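Let's take a friendly walk through a few helices and see how they sit against their neighbours. Have the structure open and follow along.

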Amino acid sequence: MDTLMSRSTNHPHKQWQLLLVEDENLARRNLEHILKKEGYAVFSTDSGPRGVELLQDREFDLVLTDLKLKTVDGMQILKKSKTLYPETEVILITGYATVNSAVAAMREGAYFYLSKPYQLDEVRKVVGEALIKRELTLENRRLKADYGKELPLAGIIGRSRAMTRVLDQVSQVSPTDTNILILGESGTGKELIAKAIHALSPRAEHRFMAFNCGSFTEELMANELFGHEKSAYTGAESLKKGLLESADQGTVLLDEIGDMPLSMQIKLLRVIQEKELLRVGGVHPVSVDIRFIAATHRDLKQEVEEDRFRQDLYYRLNVITISLPPLVDRIEDIPLLVNQFLARKMKVINKQIREIAPETMDLLMAYSWPGNVRELENVIERAVTLANQEVLKPEFLPEHIQTLSLETYRRSASKIPTLEEQEIEYIRWVLKKYDGNKTKAAQTMGIDRVSLWRKMKRYRLNGSSD
């Protein structure tokens, strides 16, 4: 006989789920009555095998079972419960208590060994204490899980209002499976945010792969993303899986998606819509399940309006938009970032910096950081490398920051520049500072010389010396 009794809705207790296995009708009814008055939801049966079935169907917070039962006894129910749900507490009840049976029960993980005849107050007390233990165990598990979820965000430094909004948004959208578009200037940490989203998502156990859409020719991009079949072209001696196929069940970051050619955008759209791809030279579709995160410093809406980016792909990728603030809009985060980078670079370079001179921090706070966080990290690495004392003084900063008279190209009273205009003017400005020396300019901007050359070629900028 199975019965269910639910707690009173106005009772202060949580609705704990209890399983009661007792073949003596009077004892079972009395316990049901006691537990009901305490506000618990009680699943009750007089059969050991039925008790096992109920355990297999669902998890209970507490199991109370008679030790002496027909066919399946209380010790078997205890073992089954602990096998299925190690954190579920079990109380054994018996009218034939012995020291040996009590010891055996505790050894198998029973919370308590209750002897008949028992006092009602004793039952209430033991059940309440067992559930408190259960609650503490679950809370500890939740705290550990929450701590684990926070770890991916721990490497993202920022307490400013702008960054707090971003981190709140990351926490909110990560558990979903929607595609995400991350917007932000170069150096704002778009890949770092994408990695955090992946690490907080249900796909975290699978691969995260990043692909820079501005780093390959169209032919190489197709080969890298989609892979190729054997003999697809001269030199293709074996089948090669592409990045998308390798990232199945995981997350792919398409960085600088605005630089992807239109013909490749069509192929990518098919993957997103149909969840399948064709390798280069292939005729049989390959199924893939991928969450896409796209990132760009460009204004994709404007790119769509000017027919440089497909509108249908834009809407497929732009389900959720996360906009990363430039460093100039989160100045209060600079001291945190400086100390983080300082600690990191001291370990790598093996130098000890005891403090940052106040005037150094003032200059760092006053500078407009057109290269954003990446430029700040580059400046700190340079300063640590050059420092010959334990105090980081302004003399170790780049000259254009040392002689800062709040000089900057980026603040304009006439109009707000687009991201592309801003990057073009910044490149021109830094090149002018170094008389056209691209190597020094690239170092200041926190990028490599090849990346600077590509940007200059794209923007048709002329540079003189090396």
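A residue counts as exposed when its relative accessible area is over 50%, and as buried when that value is under 20%. Keep in mind that this is a predicted model.

With those words in hand, start at helix H14, which spans residues 358–366. Which of its residues are buried? They are Thr360, Met361, Leu363 and Leu364. These residues lie on the same side of H14, because they cover an arc of only 160 degrees around the axis. Turn to the face that points away from this buried side, and you will find the exposed residues Pro358 and Asp362. What do the buried residues of H14 pack against? Their partners are helices H13 (334–349), H15 (372–386) and H16 (399–402), together with strands S16 (355–356) and S17 (391–392).

Two of those partners, H13 and H15, also meet each other: their axes come within 9 Å and cross at roughly 45 degrees. The two helices are therefore oblique to each other, and H13 passes H15 in a right-handed crossing. Among the residues making this contact are Leu337 and Phe341 of H13 and Leu376 and Ile380 of H15. By class, the contact of H13 with H15 holds 10 nonpolar, 1 polar and 4 charged residues.

Now move on to helix H17 (residues 419–433) and helix H19 (residues 449–459), which pack at an angle of about 120 degrees with their axes 11 Å apart. That angle makes H17 oblique to H19, and here the crossing is left-handed. The contact includes Ile424 and Ile427 of H17 and Leu452 and Met456 of H19. It is made up of 6 nonpolar and 4 charged residues, with no polar ones.

Terms used. Residues are numbered from 1 along each chain as its sequence is written. This is a predicted model: local features need pLDDT of at least 70, side-chain atom pairs count only at pLDDT 80 or more; totals for chains, interfaces and linings use all residues. Side-chain values use heavy atoms; hydrogens and water are left out. Buried means under 20% relative accessible area, exposed over 50%, partly exposed in between (1.4 Å probe, protein chains only). Helices (H or I, at least four residues) and strands (E, at least two) are DSSP runs, numbered from the N terminus. The arc is that of the directions from the helix axis to the C-beta atoms. Contact means heavy atoms within 4.5 Å. Axes are lines fitted to C-alpha atoms, for helices over the stretch in contact, and angles run from 0 to 180 degrees between N-to-C directions. Angles under 35 degrees count as roughly parallel, over 145 as roughly antiparallel, 65 to 115 as roughly perpendicular and the rest as oblique. A crossing is left-handed if the near helix is turned anticlockwise from the far one by less than a right angle, and right-handed if clockwise. Ala, Val, Leu, Ile, Met, Phe, Trp, Tyr, Cys and Pro count as nonpolar, Asp, Glu, Lys and Arg as charged, and the others, Gly among them, as polar.
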